[in-house]
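Colleague: Could you take me through this model? I would like to begin with one unusual feature and move on from there.

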Amino acid sequence: MELYLDLHSQPCRSVFLFAKAVGIPFEFKLVDLSKGQQYSEEFGKISPMRRVPVMKDESFVLTESTAILEYLVQKHPSSVADHWFPAELKQRARVNEYLSWQHMNLRAHGSKVFLLKALYPVIMDAEVPKEKMDAAVEDLNQSLKMLEEKFLQSKPFIIGEKISLADLVAIVEIMQPVGVGVDAFEGRPKLTVWRERVKKAIGEKLFDEGHEVIMKASSLTQKMKNSSDLEMLKPKFRKLFS
């Protein structure tokens, strides 16, 4: 099995960490987003979506991180403990509820903060307008509040006593703004304790390995500045910032 990934990407990290945590073997295929490799002709032959992650299991190609995670769970039932994606109907529905919610909420808002901090100055040749950054951080804070109050509540993990795919997908999204200096855990003791539980459940060494590149996100800005592909990438990113 091949996984096409760039660990600057939150969905890529969720797939990488899950496969590693449960012991599913795979070959890591780097798709360097800072060089625009997702737009290459070669990658387009694998996935016309031109986004990562992508899983290639022999001739079967699958896109979208949550679809890949669920595929891995169901293909490897003997390797994957039930708590990751429970067979019990209502618990599985809770996992799916979170996965459905997060796309347009925690994922969208954490990504926006990251992109504004890391890439806006490079792409737009200007500092991020304060009102734009303030609005993005406020949206992120609202999503974090919803994660705490609706999904986590007083439970150790999102669906109860053990980690699930919901926790894994949540943590990689929150670490994205952390990588550019926006500490989403500051002033949130419940989330801070939850983060430590998640790290322990995944394995602290593996957790750190998966987040190593995003915790050095400042180097991404410099890499983008020095990239010969920057002019090709600028129009694509400007659409996000307009």
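**A conversation about the model**

Modeller: Glu58 is found in the loop between strand 3 and strand 4 (60-63). Please keep in mind throughout that this is a predicted model.

Colleague: What is the phi of Glu58?

Modeller: The phi of Glu58 is positive, about 60°, although the residue is not a glycine.

Colleague: Why would one remark on a positive phi?

Modeller: Most residues other than glycine have a negative phi.

Colleague: Is Glu58 buried or exposed?

Modeller: Glu58 has a relative accessible area of 71%, so the residue counts as exposed.

Colleague: Which residue other than glycine has a phi near 55°?

Modeller: That is Arg50, whose phi has a positive value. Arg50 is placed in the loop between helix 2 and strand 3. Its relative accessible area is 30%, so Arg50 is partly exposed.

Colleague: And which peptide bond is cis?

Modeller: The bond from Val52 to Pro53 is cis, and its omega is near 5°. Pro53 belongs to the loop between helix 2 (41-46) and strand 3 (54-57). As a general matter, most peptide bonds are trans.

Colleague: Let us change the topic to aromatic rings. How many aromatic pairs are there?

Modeller: A search of the whole structure finds eight aromatic pairs. One of them is formed by Phe16 and Phe26. Their ring centres are 6.1 Å apart, the angle between the planes is 80°, and the pair is edge-to-face.

Colleague: Where do Phe16 and Phe26 lie?

Modeller: Phe16 is in helix 1 (residues 10-22), while Phe26 is in the loop between helix 1 and strand 2 (27-30). The pair therefore ties together parts that are 10 residues apart in sequence. Both Phe16 and Phe26 are buried.

Colleague: Which residues do ring pairs link into a cluster?

Modeller: The cluster consists of Phe16, Phe26 and Phe28.

Colleague: What about Tyr98 and Trp101, how are their rings arranged?

Modeller: Their ring centres lie 5.6 Å apart and their planes meet at 50°, so the pair is tilted. Tyr98 and Trp101 are three residues apart in helix 4 (residues 89-118), which means that about one helical turn separates them. Tyr98 is buried, with a relative accessible area of 0%. Trp101 is buried as well, with a relative accessible area of 18%.

Colleague: I would call 18% fairly open. Why does Trp101 count as buried?

Modeller: The cut-off for buried is under 20% relative accessible area, so Trp101, at 18%, counts as buried.

Colleague: Which residue has its charged end over the ring of Phe151?

Modeller: That is Lys150, whose charged end is 5.2 Å from the centre of the ring. In addition, Arg195 lies over the face of Phe185, at 4.4 Å from the ring centre.

Colleague: Now to the empty spaces. What is the volume of the largest pocket?

Modeller: Its volume is about 1000 Å³. The largest pocket is lined by 38 residues, and the closest to its centre are Leu33, Arg107, Leu115, Phe237 and Leu240.

Colleague: Which element supplies the largest share of that lining?

Modeller: Helix 4 supplies the largest share of the lining of the largest pocket, with eight residues. At least two residues each come from helix 1, helix 3 (65-75), helix 4, helix 10 (218-225) and helix 11 (230-241).

Colleague: How many residues of the pocket lining are nonpolar, polar and charged?

Modeller: The lining of the largest pocket has 17 nonpolar, 12 polar and nine charged residues.

Colleague: What about cavities, which residues line the largest one?

Modeller: The largest cavity has a volume of about 40 Å³. The residues that line it are Pro11, Ser14, Ser65, Gln102, His103, Arg107, Val169 and Glu173. Helix 1, helix 4 and helix 7 (165-178) each give two or more residues to this lining, and helix 4 has the largest share, three residues. By type, the cavity lining divides into two nonpolar, four polar and two charged residues.

Colleague: One last residue, then. Which residues does Ser14 touch?

Modeller: Leaving aside residues up to four places away in sequence, Ser14 touches Ser65, Leu69, Leu168, Val169 and Val172. Ser14 is found in helix 1, and at 1% relative accessibility it counts as buried.

Key. Residues are numbered from 1 along each chain as its sequence is written. This is a predicted model: local features need pLDDT of at least 70, side-chain atom pairs count only at pLDDT 80 or more; totals for chains, interfaces and linings use all residues. Side-chain values use heavy atoms; hydrogens and water are left out. Rings of Phe, Tyr and Trp (its six-membered ring) pair if their centres lie within 6.5 Å; planes under 30 degrees apart count as stacked, over 60 as edge-to-face and the rest as tilted. Helices (H or I, at least four residues) and strands (E, at least two) are DSSP runs, numbered from the N terminus. Buried means under 20% relative accessible area, exposed over 50%, partly exposed in between (1.4 Å probe, protein chains only). A charge sits over a ring if NZ of Lys or CZ of Arg is within 6 Å of the ring centre and within 35 degrees of the ring normal. On a 1 Å grid over the protein atoms alone, a cavity is a set of points where a 1.4 Å probe fits but cannot get out, and a pocket is an open set with protein on both sides within 12 Å along at least five of seven lines; lining residues have an atom within 4 Å of a point. Grid points are joined across faces, edges and corners, and a volume is the space filled by probe spheres set on the points. Ala, Val, Leu, Ile, Met, Phe, Trp, Tyr, Cys and Pro count as nonpolar, Asp, Glu, Lys and Arg as charged, and the others, Gly among them, as polar. Contact means heavy atoms within 4.5 Å.
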